[in-house]
Amino acid sequence: GNGVLVKGFFLNNELTDFSTASATEDGTPIANRVQGNKRPRSSMSPTIVLNKKGDLELVTGSPGGSLIIGYTAQSIMNVIDFGLDSQQAINVPHYQNRNDNTVLEAPSPGITDDYDAEALKVQLEKIGHDVTIVDSSASGLGVIQLKKKKNEEGNKDSKKSKNESKSSKQGKSSKDEKRGKQSKNSKDEKTGIQNKNLLLICGADLRRNGLCA
């Protein structure tokens, strides 16, 4: 970022996303040149994933310049398509192609999942890829995942919630009782972040931090 913190958020140094040159060698103006009243092209892609009911399921994002899109997309695919939790999704070695060569991340013992990068490189080269293997691809990814608890306590809470809801519909609860129920449940039932029946799973890129924050 640019080192400026506003209400808990670091502002990005977005000006560097403009093209450093204003025109090509033959004088043709570059579309992404610095100019008043313009926004630069950006690969920033903080993502919120909702389930079919419209409930919050996943929040993900990463630094990394032009690598951000691939980092973020891979984290989503690892959770949604392959059923991994947040930390497992981040620990999968990164791979990208930004319209040039294909980059594979070599496994880091104790940090990423292990796999044979050289063998994958050979297979990709057979189908026309120009492959480069890098030692580390520290994304800085952060992923927050919400899942329903499957333990007995969660099931009991769920039954209790249903019974409370049923009695409320029958008009047996007073306004004060309703307020009490709201305080026991999440502040925002749509996100469910404080709901006892939901589990919050956080993941951080161990390549960069060395620990899960």
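Helices here are DSSP runs of H or I that span at least four residues, numbered from the N terminus. The exercises below concern a predicted model.

**Exercise 1. Identify the salt bridge in helix α3 and state whether its two residues are buried, partly exposed or exposed.**

Solution.
1. Side chains of opposite charge can pair when their charged atoms come close.
2. The criterion is a side-chain nitrogen of Lys or Arg within 4 Å of a carboxyl oxygen of Asp or Glu. By this rule, the count is 1 salt bridge.
3. The partners are Lys-121 and Glu-125, with an N to O distance of 4.0 Å.
4. Both residues belong to helix α3, which covers residues 117-126. Their separation is 4 residues, or about one turn of the helix.
5. Partly exposed residues fall between the limits of under 20% for buried and over 50% for exposed. Glu-125 is therefore partly exposed at 38% relative accessibility, and Lys-121 is likewise partly exposed at 22%.

**Exercise 2. Determine the strand order of the open sheet that contains β3, and explain why β3 and β9 each have a single partner strand.**

Solution.
1. Strands of a sheet pair through backbone hydrogen bonds, either parallel or antiparallel.
2. Begin with β3 (residues 47-50) and β4 (residues 56-61), which are antiparallel and share 4 bridges. Leu-50 has Leu-56 of β4 as its bridge partner.
3. These two strands form a hairpin with 5 residues between them. In the turn, Gly-54 has a positive phi of about 90°.
4. Continue from β4 to β8 (residues 142-148), to which β4 is joined by 4 bridges, again antiparallel. Here Val-59 is matched with Ile-144 of β8.
5. The complete order of the 4 strands is β3-β4-β8-β9, with antiparallel pairing. Because β3 and β9 (198-204) stand at the edges, one side of each has no neighbour in the sheet. Direction ignored, neighbouring strands of this sheet are turned by 15° against each other on average.

**Exercise 3. Locate helix α1 relative to the sheet, and describe the surroundings of Ser-75.**

Solution.
1. Helix α1 (residues 68-80) lies across β3, β4 and β8. The helix runs at about 150° to β4.
2. Ser-75 is part of helix α1. With a relative accessible area of 1%, Ser-75 is under the 20% limit and therefore counts as buried.
3. Leaving aside residues up to four places away in sequence, Ser-75 touches Thr-60, Ala-89, Leu-141 and Val-143.
4. A polar atom of the Ser-75 side chain also lies 2.7 Å from the backbone oxygen of Thr-72.

Methods: Residues are numbered from 1 along each chain as its sequence is written. This is a predicted model: local features need pLDDT of at least 70, side-chain atom pairs count only at pLDDT 80 or more; totals for chains, interfaces and linings use all residues. Side-chain values use heavy atoms; hydrogens and water are left out. Two strands pair if DSSP finds at least two bridges between them. Axes are lines fitted to C-alpha atoms, for helices over the stretch in contact, and angles run from 0 to 180 degrees between N-to-C directions. Contact means heavy atoms within 4.5 Å. Buried means under 20% relative accessible area, exposed over 50%, partly exposed in between (1.4 Å probe, protein chains only). A polar contact is a pair of N or O atoms within 3.5 Å; within protein, one must be able to donate a hydrogen and the other to accept it, and residues adjacent in sequence count only if both atoms are side-chain atoms.
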